[in-house]
Amino acid sequence: CFRQANAAWENRFGLSRRQIIDSKFIDQVLSESRETTLQALESVMQGELAMVDFENWIHSSQGPRRVAWRCSAVESEQLLYLVGRDITEPHALQLELVKARETAELASQSKSRFLATMSHELRTPLNAILGTCEALEEGVYGELSQPQGTALENVARSGRHQLDLINDLLDLSRIEAGGFEPVMESFSVLDLCHEAIQMLRP
């Protein structure tokens, strides 16, 4: 049973000092928290630990409150001293943060699966287009005029650029999954600018 309780307990949990002292500590604990509470108290009472920290749910006039406790024993008085801190709001916020993180992780996984699926779906027909361009360039379907050859070259170049973008999307998915190894390569800035200009020409 309680021997003493301060005014903060009365104000926080809406119980009078007489109500507190006339009750057992474990009676103030919600059933879902009683087992862990008893284990913590027994570890101090039996001398296994000099001090123990634990959390539980406590009844109050406003409803259940989450409390963080620090418990120590005074053997000479055969008493347990407990100092409690109401953490109901921080606890609820922590649960919300965990839920938000899980939701974000699930959304990220869904995005990665979507990117991988769409990239493959786009790359398949694009490879067919590039294959047809190569066949035309090689004259499989007959000779091409100069303007036709130039136009076909632009189509093929744009198609390869599009394929590179799709491969970049796949690389992004692999990066997020932790399965991508970066490779350092050198390239010509002049060639890159020239290719960009060719793609922008009508």
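These exercises walk through charges, contacts and surface patches in the structure above.

The model is predicted: local features need pLDDT of at least 70, side-chain atom pairs count only at pLDDT 80 or more, and totals for chains, interfaces and linings use all residues. Residues are numbered from 1 along each chain as its sequence is written, and side-chain values use heavy atoms, with hydrogens and water left out.

**Exercise 1. Salt bridges between strands**

Task: Find how many salt bridges the model has, and work out which strands the R66 and E55 pair links.

Solution:
- Begin with the rule: a salt bridge is a side-chain nitrogen of Lys or Arg within 4 Å of a carboxyl oxygen of Asp or Glu.
- The general idea is friendly enough: side chains of opposite charge can pair when their charged atoms come close.
- Counting by the rule gives 5 salt bridges.
- One of them joins R66 and E55, at 3.2 Å from N to O.
- R66 sits in strand β2 (residues 65-74) and E55 in strand β1 (residues 51-58), so this pair links distant parts of the chain, 11 residues apart. Strands here are DSSP runs of E with at least two residues, helices are runs of H or I with at least four, and both are numbered from the N terminus.
- Now check the cover. R66 is buried, because its relative accessible area is 14%, and buried means under 20%. E55, at 38%, counts as partly exposed, the class between buried and exposed, where exposed means over 50% (1.4 Å probe, protein chains only).

**Exercise 2. A network around D86**

Task: Which residues are linked in a network of salt bridges with D86?

Solution:
- Start from D86 and R65, whose closest N and O atoms are 3.0 Å apart in a salt bridge.
- D86 belongs to strand β3 (residues 79-86) and R65 to strand β2, so the pair ties together parts that are 21 residues apart in sequence.
- Both D86 and R65 are buried.
- Add E89, and the network of R65, D86 and E89 is in place.

**Exercise 3. The partners of R157**

Task: Decide whether R157 is buried or exposed, then name its side-chain partners.

Solution:
- Locate R157 first: this residue is in helix α5.
- Its relative accessibility is 11%, so R157 counts as buried.
- E153 forms a salt bridge with R157, with the closest N and O atoms 2.9 Å apart.
- Because E153 and R157 are 4 residues apart in helix α5, about one helical turn separates them.
- E153 is partly exposed, with a relative accessible area of 40%.
- A polar contact of 2.8 Å also joins the side chains of R157 and N154. Such a contact is a pair of N or O atoms within 3.5 Å; within protein, one must be able to donate a hydrogen and the other to accept it, and residues adjacent in sequence count only if both atoms are side-chain atoms.

**Exercise 4. Two surface patches**

Task: Which residues gather in the patch of negative charge, and which make the nonpolar one?

Solution:
- Patch residues have over 30% relative accessible area and no salt bridge; like charges are joined within 9 Å, nonpolar side chains within 5 Å.
- D164, D168, D191 and E195 form the negative patch on the surface.
- Helices α5 (146-176) and α6 (189-200) each give two or more residues to this patch.
- D164, in helix α5, is partly exposed at 44% relative accessibility.
- F114, M118 and L122 make the nonpolar surface patch of about 280 Å²; accessible areas come from the Shrake-Rupley method with a 1.4 Å probe.
- L122 lies in helix α4 (residues 88-137) and is partly exposed, at 42%.

Methods: Lys and Arg count as positive and Asp and Glu as negative; His and the chain ends are not counted. The place of a charge is taken as NZ of Lys, CZ of Arg, CG of Asp or CD of Glu.
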